[in-house]
Amino acid sequence: QVQLVESGGGLVQPGGSLRLSCAASGSIFSIVSMGWYRQAPGKQRELVADLNSGGGRNYKDSVKGRFTISRDNAKNTAYLQMNSLEPEDTAVYYCNARAYYSAISWDEFWGQGTQVTVSS
């Protein structure tokens, strides 16, 4: 089906920046949307940002103006540019894709997660 591989996480100081990447591969017929979720210790997984095939974007309120989601359709890769990072942004970030893997079948796929730690 579809595999998602994330990269770009790490340790950064408050106010710093990171760029996450998510490359989709496998039996991709078309991608409906790609997005990023995060899960902090003891908390539920939450949507950070997503981008649909029509170009529509959604952002969690607390990241608006700081994070930007984008996608390179030719590479089936999504990016999350994170600026002005805050300690509250510390979490495991997961890439998500809703994609057709045949002309009539679609599913939701997840990456393995990448750790983002914001700390001085």
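Tyr 101 is partly exposed, with a relative accessible area of 28%, where partly exposed denotes the range between buried (under 20% relative accessible area) and exposed (over 50%), as computed with a 1.4 Å probe on protein chains only. The model is a predicted one, in which local features need pLDDT of at least 70 and side-chain atom pairs count only at pLDDT 80 or more, while totals for chains, interfaces and linings use all residues. Residues are numbered from 1 along each chain as its sequence is written, and side-chain values use heavy atoms, with hydrogens and water left out.

A search of the whole structure gives two aromatic pairs, a pair being two rings of Phe, Tyr or Trp (for Trp, the six-membered ring) whose centres lie within 6.5 Å, with planes under 30 degrees apart called stacked, over 60 edge-to-face and the rest tilted. In one of them, Tyr 37 and Trp 110 meet edge-to-face, with 5.0 Å from centre to centre and 65 degrees between the planes. This pair links distant parts of the chain, since Tyr 37 belongs to strand S4 (residues 30–39) and Trp 110 to strand S10 (residues 106–110), 73 residues apart; strands here are DSSP runs of E with at least two residues, numbered from the N terminus. Tyr 37 is buried at a relative accessible area of 15%, whereas Trp 110, at 34%, counts as partly exposed. Tyr 101 and Phe 109 also form a pair, and because their ring centres are 6.4 Å apart and their planes stand at 80 degrees, the pair is edge-to-face. Phe 109 is buried, at 7% relative accessibility, while its partner Tyr 101 is partly exposed.

Two tyrosine rings are also accompanied by arginines. The charged end of Arg 19 sits over the ring of Tyr 79, 4.0 Å from its centre, and Arg 45 lies over the face of Tyr 94, at 3.7 Å from the ring centre; the criterion is that NZ of Lys or CZ of Arg is within 6 Å of the ring centre and within 35 degrees of the ring normal.

Another arginine, Arg 38, is found in strand S4 and counts as buried at 4% relative accessibility. Its side chain makes a polar contact of 2.8 Å with the side chain of Glu 46, and a polar contact of 3.0 Å joins the side chains of Arg 38 and Asp 89. A polar contact is a pair of N or O atoms within 3.5 Å, of which, within protein, one must be able to donate a hydrogen and the other to accept it, residues adjacent in sequence counting only if both atoms are side-chain atoms.

The count of disulfides, defined as pairs of cysteine sulfur atoms within 2.5 Å, comes to one. Cys 22 and Cys 95 form this link, with their sulfur atoms 2.0 Å apart, and the angle of -80 degrees about the S-S bond makes the link left-handed. Cys 22 lies in strand S3 (residues 18–26) and Cys 95 in strand S9 (residues 91–100), 73 residues apart, and the pair thus connects distant parts of the chain. Both cysteines are buried.

Gly 9 lies in the loop between strand S1 (2–7) and strand S2 (10–12) and is partly exposed, at 33% relative accessibility. The C-alpha atoms of Gly 9 and Thr 114 are separated by 5.4 Å, although these residues are 105 apart along the chain.

Methods:
Helix = DSSP H or I, 4+ residues; strand = E, 2+ residues; numbered from the N terminus.
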